[in-house]
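Hello,

Here is the structure I promised to hand over. Please have a look at it first, and then read my notes underneath.

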Amino acid sequence: MSGPSPAALPATAPGRELPHPPDTARPGPVPVVRADEVSLVRDGKVLLDAVSLTVRAGEHWALLGANGAGKSTLLGCLGAVTHPSAGTVEVLGRRLGRVDLRELRTLLGHVDPRHPLRSPLTVRQVVLTGLTNSVEPVPRRRATEEQRESAERLLKMLGMGGKESSRWPALSQGERGRTLIARALMPRPRLLLLDEPATGLDLAAREQLLDSLDTLREENPEPATVLVTHHLEELPASTTHAMLMRGGRCVASGPADEVLTTERVSDCFGHPVRISRTDGRWAARARRVSRD
């Protein structure tokens, strides 16, 4: 699956950021989210250093890099969870610092496998909490029939049909992840943010999750997504764009096939790897380093 992409990007030397075309080069609707020269310094440590990113409707971005590269920090800025020290972030034209955050957060869904939910709610109740963006159950009388039907459709689409009455503590990690994605989709957000959604999953659960994301994107083509991971094997085949990050900086950004190359990924992770793609999915294998 390929999405809208900017004009062909010129080749760059390893470690050089691919130029990101200005919005004036691609007239059209307001971007779903735009970060412009975003920096974040905390306790004297630079977590983000002048990172720019523009995500448009229907685009599915992956943020990749080693641990500590700044991926989740950038995602927090895009999701109005964290405020940058410098630069600007706009979600559907609304700028952080100039908009009610409660309103802004209704425009996006944020999926974090470290969700604080602990109470024994059913799967259906967990999904319905997405209507209020809380961890408290929504009383049945407050959820409309249409909303309950929407929850059922989302769960079925994400492979959780028949699990509606299961209790949260009894779910596997993979089932929890898919339930949280359905929860995030309840307000019908224009932007879905996924912070390492495959964390802790075994092979079968990971593949089920990635298949669910591909189905979601196929059946709902308008919402944009941004997914954080440090494993290329955790990227859905429907990924259209990618950003490689290292030390809080962007080292490459653009269409996925132009960014996720052997040379650029090796440079980003500081280790020689070979990148391949089969049936739309990426894989990375370490290249043997000669000891001569």
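Below is what was found, starting with a sheet and ending with the cysteines. Please keep in mind that this is a predicted model.

Let me begin with the sheet. It is open and has 6 strands, arranged in the order β6-β7-β8-β3-β9-β10, and the pairing is mixed. At the edges you will find β6 (108-111) and β10 (249-255), each of which pairs on one side only. Leaving direction aside, neighbouring strands of this sheet are turned against each other by 15° on average. As a general reminder, the strands of a sheet pair through backbone hydrogen bonds, either parallel or antiparallel.

One pair to look at is β9 with β10. Strand β9 covers residues 241-246, and 6 bridges join it to β10, the two running antiparallel. If you want a landmark there, Leu244 stands opposite Ala252 in β10. A helix also meets this part of the sheet: α8 (residues 262-269) packs on it and touches β3 (60-64), β9 and β10. The direction of α8 makes about 35° with that of β9.

Now to the cysteines. How many disulfides are there? The count comes to 0, taking a disulfide as a pair of cysteine sulfur atoms within 2.5 Å. Cys268, for example, is in no disulfide: the nearest cysteine sulfur belongs to Cys250 and is 9.2 Å away. Is Cys268 buried or exposed? Cys268 has a relative accessible area of 2%, so it counts as buried. Cys77 is buried too, with a relative accessible area of 0%.

Enjoy exploring it, and best wishes!

Notes. Residues are numbered from 1 along each chain as its sequence is written. This is a predicted model: local features need pLDDT of at least 70, side-chain atom pairs count only at pLDDT 80 or more; totals for chains, interfaces and linings use all residues. Side-chain values use heavy atoms; hydrogens and water are left out. Two strands pair if DSSP finds at least two bridges between them. Helices (H or I, at least four residues) and strands (E, at least two) are DSSP runs, numbered from the N terminus. Axes are lines fitted to C-alpha atoms, for helices over the stretch in contact, and angles run from 0 to 180 degrees between N-to-C directions. Contact means heavy atoms within 4.5 Å. Buried means under 20% relative accessible area, exposed over 50%, partly exposed in between (1.4 Å probe, protein chains only).
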